[in-house]
Amino acid sequence: MGDLNRLVRGGRGMSLAPNYVILILLLIFSIGPLAIMAFNSLKSRTEIGDNPLGLPRGLVWSNYSRAWDVGNFSTTMVNSGLLVAGTVIGVLLLGGMAAYSLAKLDLPGAGALMLFLLVVSSLPIHLFLVPLFVLWRELGLLNSFHGLILIYIALNAPLAIFLLRSYMVQLPRDFEDAARVDGAGEWQIFAKIVVPLSWPGFLTVGLVVALSVWNEFLLATVFLQDESKFTVVTSYQNFATRFSRDWSLTSAASVMMIVPIIVIFLIFQRRFIEGMTQGGMKG
Amino acid sequence: MRDTVIQGLPVVNVRRSRLTGVFYRRKVVPWLFVLPVLAINLLVVLGPTLAAVYYSMTDWSGIGAAEWVGLDNYRQLFFDDASFKNAFLHNLMWLAMFLTVPTAMGLIAASLLAPITRGALFFRMSLFIPYVLPSVIVAHLWTSLIHPDRGIVGWLNDRGVPGMDIAFLGRESTVLPTIAFIDNWHWWGFLMVLFLAGMQNIPPDLYEAARLDGANRWQEFKDVTIPGIRPVLVFMVLMTSIWSFLTFDFIWITTQGGPAGASEVLSILVFKNAFQNFEAGYAAAIGMTMSVFVGAVISVFVVLRRRGWEI
């Protein structure tokens, strides 16, 4: 038996080498282009011409300050930040309330509501985009952050509700019941007991929603056409089209846009992956 | 304090007010918690969707009055509009590409990664990173990398590698697979993580049993891994099928459907008709058709599940 074990384990240990080889190739495929981008963000325009892929010879940090100014990042970062903050707060508050009602309050008609949310979340944006655009124009919500935030809340809420509900259902009822006996209202129970107990769920949903809003392209393009309202994404699209020949400049702008994403992703990667895969599985 | 005030009132009244209190607490309060999000969803999604159903049967330009034209838009769409057929075909090609390439890559990477302990987290995270990047960055990065004068393709071209002197995004024959390649670079890591999560739920005894039976790697993969992650696979097929009819970002950012419509898909047609040709009614009809495809995919899924498939 001992021999057999050693044989099997030894065999497995040996056979992992090809795994690493192929995984490293895939790693180069995934990370290589990003490394090239980072290298190119530090090259001069002339250097990129004859050295488009390798390490930079000198470090041209001025690409960054130039990209920051030309890309108008001081405005667009704030704009994107406002959209992310407004949407995350709205989704967590309103979605959390709905999830609480579904998980804890025996909402009459809960099944119908879940079905409605499921249907609403699987309707293609392109179906209702034009009437929504016209409606927003009539309501004076075009080119306004709160107008777009409302749309983002509507589109992100169903997923948030499903995730938060499945989180809250698992919470023990003891605390709430005790609070109810003491005469606490449902709002107090929600705000003081359920939210603090399900904070990991809120954190996960908040991160996933924040990422999707930060990266969102189509709606930001359609609903914020005023240049002073551009997000980092829509502004980058303009910028990269205008300066498509200046690869060092576009690379520097790209790096500035994705460094915050990658840092936050690396810190919270477990939550991101959990939220995105579970969100997918539930949707 | 209250008691002293209502002492003289008939008992019935007290009971009724307590009853309405219970009613309020049990039936009204739960809906108050749901109401804000429901109202926003009705305003943003349901209302405009119903409007789209109506406008798809009008000649509406997007501004001003709309005139009822019945099913004319649909007739034109299905029988007269070559660009619709062309776009729909591209959606089907997109579906075929995304059901195969990323699935294969995801399965290979996940099954190579599953038995690894050293560096597993590092690989999982790194391969997932492209998925968290914004589509504009990914699209513009790859547009440069595959430019015949620059990037990787330019580098290969300079060294005389054949077939690298092509503007992949500028030719009708290569543009669609090229955009799919770019989108896939961003997408496949997500599938890999999904598959990996599924594989980690497979009981290790099954692998040991297979190994004792003398199964080789391929047989292990075929007879243990694939059946073990079947729910994930089915879910992936469903999601890919839905999303292939809706794809927009990468195509719009790289080519806007060009050259000469060679990368047009349905969502691009909606966008062009609505915001460039001012044919909002016609755009709504295309949007309706897209939704019907999505609805059909979901119905197949639901029917299969009703029939007892474990999906």
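## Exercises on a two-chain helical model

From the N terminus on, chain B runs α-α-α-α-α-α-α-α-α-α-α-α-α-α. The model is predicted, so let's work through it with that in mind.

**Exercise 1. Work out the secondary structure content of chain B and of chain A.**

Solution. Start with chain B, where the count comes to 14 helices and zero strands. Now turn to chain A: here, too, there are 14 helices and zero strands. Read from the N terminus, the elements of chain A are α-α-α-α-α-α-α-α-α-α-α-α-α-α.

**Exercise 2. Decide whether chain A is spread out or compact, using its radius of gyration.**

Solution. First take the reference value: for 283 residues the globule rule gives 19 Å. Next take the value for chain A, which is 24 Å. This is well over the reference, so chain A is more spread out than a compact globule. As a last step, look at the box: along the principal axes, the C-alpha trace of chain A spans about 80 × 75 × 35 Å.

**Exercise 3. Set the radius of gyration of chain B beside that of a compact globule with 311 residues.**

Solution. Such a globule would have a radius of gyration near 19 Å. Chain B, however, has 28 Å. Its C-alpha atoms fill a box of roughly 100 × 70 × 40 Å along the principal axes.

**Exercise 4. Find the domains of each chain and the separation of their centres.**

Solution. In chain B, the assignment gives domain 1 (2-55) and domain 2 (73-306). Taken over C-alpha atoms, the centres of these two domains of chain B are separated by 45 Å. In chain A, domain 1 covers 2-63 and domain 2 covers 71-242. For chain A, the C-alpha centres of domain 1 and domain 2 lie 37 Å apart.

**Exercise 5. Describe the side of chain B that touches chain A.**

Solution. Begin with the counts: 69 residues of chain B are in contact with 64 residues of chain A. Then ask which element of chain B gives the most to this side. That is helix α2 (residues 11-55), with 18 residues. Finally, sort this side of chain B by class: 52 residues are nonpolar, 13 are polar and four are charged.

**Exercise 6. Characterise helix α8 (residues 175-200) of chain B by its span, its bend and its burial.**

Solution. For the span, note that helix α8 of chain B has 26 residues and reaches 38 Å from its first C-alpha to its last, close to the 38 Å expected. For the bend, look at B:Trp185, where a kink of about 40 degrees in α8(B) is centred. For burial, 21 of the 26 residues in α8(B) are buried, which leaves the helix mostly covered.

**Exercise 7. Classify B:Thr100 as buried or exposed.**

Solution. Locate the residue: B:Thr100 is found in helix α4 (residues 82-113) of chain B. Count its C-beta neighbours inside 10 Å, and you get 11. The exposed class takes 12 or fewer, so B:Thr100 counts as exposed. For a sense of distance, the C-alpha atoms of B:Thr100 and B:Phe33 are separated by 44 Å, with their positions 67 residues apart along the chain.

**Exercise 8. Give the buried share and the long-range contact share for each chain.**

Solution. Of the 311 residues of chain B, 41% count as buried. In chain A, buried residues make up 45% of 283. Now consider contacts between residues at least 6 apart in sequence: in chain B, 65% of them join residues at least 24 apart. In chain A, residues 24 or more positions apart account for 78% of the contacts with a separation of 6 or more.

Conventions. Residues are numbered from 1 along each chain as its sequence is written. Chains are lettered from A and ligands numbered from 1 in the order in which they are written. This is a predicted model: local features need pLDDT of at least 70, side-chain atom pairs count only at pLDDT 80 or more; totals for chains, interfaces and linings use all residues. Two residues are in contact if their C-beta atoms, placed from the backbone, lie within 7 Å. Helices (H or I, at least four residues) and strands (E, at least two) are DSSP runs, numbered from the N terminus. Ala, Val, Leu, Ile, Met, Phe, Trp, Tyr, Cys and Pro count as nonpolar, Asp, Glu, Lys and Arg as charged, and the others, Gly among them, as polar. The radius of gyration is taken over C-alpha atoms; the globule rule is 2.2 Å times the number of residues to the power 0.38. A residue is buried if 20 or more other C-beta atoms lie within 10 Å of its own, exposed if 12 or fewer, and partly exposed in between; C-beta atoms are placed from the backbone. Domain bounds come from an automatic or database domain assignment. The expected span of a helix is 1.5 Å times one less than its number of residues. The bend at a residue is the angle between axes fitted to the seven residues ending there and the seven starting there.
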